[in-house]
Amino acid sequence: MENGISVYPGLDNTLEENLALIDYAHHCGIRRIFTSLHIPETNYTALKAELAEILRAARQYDMEVISDISPATMGLLGIREFSPSAFRMLGISTLRLDYGFGLEEMAELTHNRQGIRIQLNASTITGRMLSALMELKANFHQIDALHNFYPRTGTGISEEFLVRKTLMLHKLGIKVGAFVPSQNRRRSPLKDGLPTMEDHRNEPTSLGARHLVALGIDSVFIADSLPSHEELEQVGELQDDLVVLQARLLTQNVFQQKLLQHTFTARPDEARDAIRATESRTLLKEMDGIIQPDNTIVRPIGAITIDNKDYQRYMGELQILRTPQDADPRTNVAAIVDESEVNLLQYITPGRKFSFRFHE
């Protein structure tokens, strides 16, 4: 996945903090930087002084810089007239077009020879606008999209709205990104977090990010000013189309622990009561392992179970329960999904990949 951070020169962080953020994000495998050059609260004197250093660091690490721009941005950057080559020379490789750009201009820009990618606002795009871009013969290979973030509490979009807009763009082959807030240091002036989805405003960054991946988002950006190292590491670890569940390990059995470290695929013949792993029994055979009865307790929603040797040929069957079940001496409860993560089970549809991340 092409995941990202956000850097706002001239706002909250010092230049040193921003450069350290870029350095650690690169270390975590993050390859994209979002920046906005027209935030009203920005100290534009500081922005002009710091921007060149930030762009230099991005070039050093071969990181893509996405600039949220408007026609007023040119004056700020000292660009006399709008030109993709001028932005490319600065080190800005993707332009997220904000207010002031017409559809004809957008379509024309997608044919630029400098390799500048044009980014649409995924939250405000409409089917009519996309149809117009098709009629204007826009080069959709040069287009991607990024949802808005929402600084004011209560203004973030809903899951249903995000999914609808994202599916509309995906049908045209356009990749879509979205933002999650940091719970470490929040950006001025409101400092209420910068989520795309309102549900994520006060959730852990990792949970919001994994939720976006489960919803089909192609790239996740931390929107706030200075995320923690842990948050950067968690976003850097995201994998495309993989639902990762945080869980608590309940077993000391070596074979069960080894089995739980794998990535699984939900069976195509979906069970009513549980998510069944396609590969688990085969993996256990390859380990030449025997699962002894262990922790055969009542199984709540979110229980991660592994059938033991008393289930005969089903030994090694791994399930995540969608409905509670009574204890069965043939089935071990090896782990349990965190209560706050149970909502993610609905996205593990037939054929979907899933894995677990256990508490230290």
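The following paragraphs lead through a predicted model, going from a helix to the strands, the aromatic rings and one buried loop residue.

A convenient place to begin is helix α1, which covers residues 15–27. Counting 1.5 Å for each residue, its 13 residues should span 18 Å, and because the C-alpha atoms at its two ends are in fact 18 Å apart, the expected and the computed values agree. The residues of α1 that are buried are L15, N18, L21, I22, Y24 and A25, and the elements that cover them include the strands β1 (4–6) and β2 (32–36) together with the helices α2 (44–60) and α9 (229–236). After α1 comes G29, a residue whose phi angle is positive, near 90°.

From there we can turn to two strands, β7 and β8, which run parallel and are joined by 4 bridges; within this pairing, G177 stands opposite S219 of β8. The side chains of β8 point in two directions, with S219 and F221 on one side and V220 and I222 on the other, and all of these residues are buried.

The aromatic rings add another kind of link, and a search of the whole structure finds 9 aromatic pairs. In one of them, the ring centres of F179 and F221 are 5.6 Å apart and the ring planes meet at 45°, so the pair is classed as tilted. Because F179 belongs to strand β7 (residues 176–180) and F221 to strand β8 (residues 219–222), this pair ties together parts that are 42 residues apart in sequence. Both F179 and F221 are buried. A further pair is formed by F354 and F356, whose ring centres lie 5.9 Å apart and whose planes are at 70°, so this one counts as edge-to-face. F354 is buried with a relative accessible area of 0%, and F356 is buried as well, with a value of 9%. Beyond single pairs, F34, F149, F179 and F221 form one aromatic cluster.

Rings can also have a charged group over them: the charged end of R187 sits over the ring of Y8, at 4.8 Å from its centre, while R330 lies over the face of Y311, 4.0 Å from the ring centre.

Another part of the model is an open sheet of 7 strands with mixed pairing, arranged in the order β10-β15-β9-β14-β12-β13-β11. The strands β10 (264–265) and β11 (274–276) stand at its edges, and because each has a single partner strand, one side of each is left without a neighbour in the sheet. Within the sheet, strand β9 (residues 242–249) and strand β15 (residues 353–358) run parallel and are joined by 6 bridges, with A247 standing opposite F358 of β15. Helix α8 (residues 205–214) packs on this sheet, where it touches β9 and β15, and its direction makes about 140° with that of β9.

Our last stop is N308, which lies in the loop between β12 (303–307) and β13 (318–321). Is this loop residue buried or exposed? With a relative accessibility of 0%, N308 counts as buried, because the cut-off for buried is under 20%. Leaving aside residues up to four places away in sequence, N308 touches I291, Q292, P293, T296, M315, P329, R330, T331 and N332. Among these contacts is R330, the residue already described as lying over the face of Y311. The C-alpha atoms of N308 and Q246, by contrast, are separated by 23 Å, and these two residues are 62 residues apart along the chain.

Technical notes
Residues are numbered from 1 along each chain as its sequence is written. This is a predicted model: local features need pLDDT of at least 70, side-chain atom pairs count only at pLDDT 80 or more; totals for chains, interfaces and linings use all residues. Side-chain values use heavy atoms; hydrogens and water are left out. Rings of Phe, Tyr and Trp (its six-membered ring) pair if their centres lie within 6.5 Å; planes under 30 degrees apart count as stacked, over 60 as edge-to-face and the rest as tilted. Buried means under 20% relative accessible area, exposed over 50%, partly exposed in between (1.4 Å probe, protein chains only). A charge sits over a ring if NZ of Lys or CZ of Arg is within 6 Å of the ring centre and within 35 degrees of the ring normal. Two strands pair if DSSP finds at least two bridges between them. Contact means heavy atoms within 4.5 Å. Axes are lines fitted to C-alpha atoms, for helices over the stretch in contact, and angles run from 0 to 180 degrees between N-to-C directions. The expected span of a helix is 1.5 Å times one less than its number of residues.
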